[in-house]
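Dear colleague,

I am handing over the structure we spoke about, and below it I have set out what was found in it. Please read the notes with the coordinates open beside you.

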Amino acid sequence: MAERNTPVLIGTVPLLYVQSLSITEGYQIERIAGSRFSQAIAPTTKTIAIEALLPGAERLLIKKQLEAMALVSRVLVAATAPLLAVTGIPVVCGLTVSLDMQITDLRFTQSVNRRETLDASLTLRHVPRSSVTAILGEAADLALAAGTALSASPPPPAPVPRVATAPLVG
């Protein structure tokens, strides 16, 4: 039985064939004055990197939708999607719910091997617009984590034993 493919949502654009998604977060570390100790003083900017395939006849439409969201001007972004003037671009997937994101890098590749498919690479950066949306985003991310922990999941994969083989003689 095939599993249903859950899309990664970038705003209202569903990416159905995500190949990889990574989140980079951390903390800015500063040395305490007059001491050999350091402490974390502030979180670094959250970055999400996505590699996806855009296959079929809709590939150019999805490309244009992503390009429209990547516009630098908040006025143009707001005209494209009115809620983005207040909240930024939401990213919703099985790994995170992140509000207030902005596309900082967008790359499309088409190759001769797959003429009917575009390879898409996106990088989004957290650009908070208000403390309210920052709190809502963290609450949604926490709810996702709690819901995932409580949901039934498939058993872990069984380990595959290693089998020694005789070297090939040729």
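Strands here are DSSP runs of E of at least two residues, numbered from the N terminus, and in that numbering V18 belongs to strand β3, which covers residues 17–24. Please keep in mind throughout that this is a predicted model.

To begin with V18, this residue is partly exposed, with a relative accessible area of 27%. Once neighbours within four places in sequence are set aside, the residues in contact with V18 are V8, I50, E51 and A52. The C-alpha atom of V18 also lies 8.9 Å from that of L54, although 36 residues separate the two along the chain.

L54 leads on to another group of contacts, around T117 and R59. T117 sits in strand β9, residues 114–126, and is buried, its relative accessible area being 13%; apart from neighbours within four places in sequence, T117 is in contact with L53, L54, P55, R59, T109 and Q110. R59, for its part, is found in helix α1 and is likewise buried, with a relative accessible area of 13%. Not counting residues up to four places away in sequence, R59 touches L54, Q110, R115, E116, T117 and L118, so that L54 and Q110 appear in the contact lists of both T117 and R59.

Next, the charged pairs. Side chains of opposite charge can pair when their charged atoms come close. Counting a Lys or Arg side-chain nitrogen within 4 Å of an Asp or Glu carboxyl oxygen as a salt bridge, the model holds four of them. One is formed by R114 and D119, with N and O 2.5 Å apart; both partners are partly exposed, R114 having a relative accessible area of 37% and D119 one of 23%. Elsewhere, salt bridges with shared partners link K63, K64 and E67 into one network.

Within that network, E67 pairs with K63 at an N to O distance of 2.9 Å, and these two residues lie four residues apart in helix α1 (residues 59–69), about one turn of the helix. E67 also forms a salt bridge with K64, where the closest N and O atoms are 3.1 Å apart; K64 and E67 are three residues apart in helix α1 and are therefore separated by about one helical turn. The three members of the network differ in their burial: K63 is buried at a relative accessible area of 19%, E67 is partly exposed at 26%, and K64 is exposed at 51%.

Finally, the interior. In soluble globular proteins, nonpolar side chains tend to be buried together. In this model the largest nonpolar core has 20 residues, and those with the most contacts inside it are I10, L15, I50, L66, M69, L122 and L124. At least two residues of this core come from each of β1 (8–10), β2 (13–15), β6 (47–55), α1, β7 (89–92), β8 (97–111) and β9. L122 shows how these elements are brought into contact: leaving aside neighbours within four places in sequence, L122 is in contact with I10, L15, I48, A49, I50, L66, I103, D105 and L106.

With best regards

Conventions
Residues are numbered from 1 along each chain as its sequence is written. This is a predicted model: local features need pLDDT of at least 70, side-chain atom pairs count only at pLDDT 80 or more; totals for chains, interfaces and linings use all residues. Side-chain values use heavy atoms; hydrogens and water are left out. Buried means under 20% relative accessible area, exposed over 50%, partly exposed in between (1.4 Å probe, protein chains only). Contact means heavy atoms within 4.5 Å. A nonpolar core is a set of buried Ala, Val, Leu, Ile, Met, Phe, Trp, Tyr and Cys residues joined through side-chain atoms within 4.5 Å.
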